[in-house]
Structures are given as structure tokens and as C-alpha cells.
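Thanks for coming. I will go through strand pairing in one structure, so please keep the sequence and the model open.

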Amino acid sequence: GTYGNVILANGTPNAEFTATTRLVRLRLLHGSNARTYDFTLGDGRSFLQVGTDGGLLDAPYETDPVTLTPGERADIVVSLDGMAAGASVDLLGSGARVLRLAAAGTLLDNGQVAEVLNRLPATPDPGGTDRRFDLSGMGMMFMINGQAYDPHRVDERGVTGRDEVWEIRNLRDMMGGMVHNFHLHGTQFRVLTRNVAAPAPGERGWKDTVALMPGEAVRILVRFEDEGLFMYHCHILEHEDLGMMGQIEVTAP
């Protein structure tokens, strides 16, 4: 995909934010064409991840970095403990400055992050796979299940009110493959497994976009409540534009 040479935060290059509180909550929405961002803080301190694409996690998760591919979101809480007035720390995306956080005078103590943030429904793994989506291609052709997108074709059909397990695989090729992700319209899902193992804490909330490195496989639990014709696609702009996209038509049972 296309990489630019300037990173914008809310449309602003070299963005800065002056904090007045000790804890700062940031909603990260990855809107770049193709980059994979490893979000870190410039002085090496860790932070808390508290949310995913679709809302809060059950509990905060201390981490460094948070890795996002195009379309993914995360909520993080940064502690500015110990920063003197006028001091600053940079939020970096794979080493490039995204946002500078500066301390304004004495920082107000705005408490602690709660140990319990949410009570998400349990996601027992029913086993098996109801649908499989293989992501493949390079150059000028990108495909799902060996087909490039056709707006006049319905690729999958489903019904409302039914839990399904979908497996998404990023196939390797002779050149080793490349990063893709899978974004689903019309609903959100829960990650059941990544490469057979349980998902990391930061992937246990509601998601609608999931990243796959070459050779990876992710199983997700999907349920549609609304009827309609919905898209699924890689959220890297050039990949979807060059064919890595499909449609599922959902009807009442």
C-alpha cells in the first residue's frame, strides 16, 4: 500500500496536547492507508489498554506497544506521573511522532483506572468452523477465497440470530506474503483463537477488524442481528480497491 511522508493526528502534523490531569485517555483510530503502527511512548513507559474497536475491555491491560493495522481502534490510558511542568512525552507510531503530550503546571490527580471496566458476555469456543476466508495476492490482484470483488456477486449468505465461527487465514506465497486484515460490516465479533492459542488480553473485547500477519489464522465468533447486504474486506486501502473484498447477504431464518 501507499505510505505518505507525514503522519497526521486529527488532521494535524506534529500534533501536541497539553494535559492538565495525571491520567490521559486516548482513543486511537488507525486511519492511514497501509501502515502497521506499534504505538509506544518515547520515554519507554508502558500504558494501559482499556478498549478495543467496539468498547471497553473487562479489565485494563498494561502493555507496550499497542499494535494497530488500518481500521483498528484502541483506547489507552497514559500516566504522566512524575512529569514536571512543561515537560513532554511523545506518543510514537513505529518510531515516528504521532502526538506530543505536554504537562501544564501541576497535574490534577484524577484518580485511578478501575480494575473492572466491563462485563462482556462469555465466549465459549464451540469448536469447528462454519465459514473460511483465505486472504491472498500481491501486486495488482488481491483476493478472498481465490476471487476478486465483484459488486454484482453475493459471496456468502447467512441468517440473523445465529452464532457462527469464521476462520480467516492470511496465506503465504512464494515471496512470503504480506500483512492483511479483515474488517466486517453490520456487526462486531469476538476473537476465539489466534493460531490455535487464546487471544491476547488486548483482543478480548468487541472487534470489527482483526490483523493477520503472513501465515496466521484467526477464528472469530460472529452473530448478525440485522438483515442486509454487508461488506467484508481488508482495510488496507489498496488491497480492498484491488479486489480483497466480498459481500454477505443476511436474511431472517
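How many bridges pair β10 and strand β11 (residues 96-108), and in which sense? There are 6, and the sense is antiparallel. Before going on, the conventions. This is a predicted model, in which local features need pLDDT of at least 70 and side-chain atom pairs count only at pLDDT 80 or more, while totals for chains, interfaces and linings use all residues. Residues are numbered from 1 along each chain as its sequence is written, and side-chain values use heavy atoms, with hydrogens and water left out.

On terms: two strands count as paired if DSSP finds at least two bridges between them. Strands are DSSP runs of E, at least two residues, numbered from the N terminus.

Back to β10 and β11. G93 stands opposite A96 in β11. The hairpin of these strands has 2 residues between them, and S94 takes a positive phi near 50° there. Strand β5 (residues 37-41) also pairs with β10, in the antiparallel sense, over 3 bridges. In that pairing, T40 has L92 of β10 as its bridge partner.

Why is strand β10 described as largely enclosed by the rest of the structure? Because 5 of its 6 residues, in the run 88-93, are buried. Buried here means under 20% relative accessible area, with a 1.4 Å probe and protein chains only.

Next, the sheets. One open sheet has 5 strands in the order β13-β12-β15-β19-β17, with mixed pairing. Its edge strands are β13 (141-144) and β17 (189-194), each pairing on one side only. Neighbouring strands of this sheet are turned by 20° against each other on average, direction ignored. For such angles, axes are lines fitted to C-alpha atoms, and angles run from 0 to 180 degrees between N-to-C directions. Inside this order, strand β15 (residues 164-170) and strand β19 (residues 217-222) run antiparallel and are joined by 6 bridges. V165 is the residue opposite L221 in β19.

Another open sheet of 5 strands follows the order β14-β21-β20-β16-β18, and the pairing is mixed. Here the edge strands are β14 (156-159) and β18 (209-212), and each pairs on one side only. The average turn between neighbouring strands of this sheet is 25°, direction ignored.

Which residue in β21 is the bridge partner of L229? That is E249. The strands concerned, β20 (residues 228-233) and β21 (residues 245-251), pair in the antiparallel sense over 6 bridges.

That is the end of my part.

Methods: Helices (H or I, at least four residues) and strands (E, at least two) are DSSP runs, numbered from the N terminus. Buried means under 20% relative accessible area, exposed over 50%, partly exposed in between (1.4 Å probe, protein chains only).
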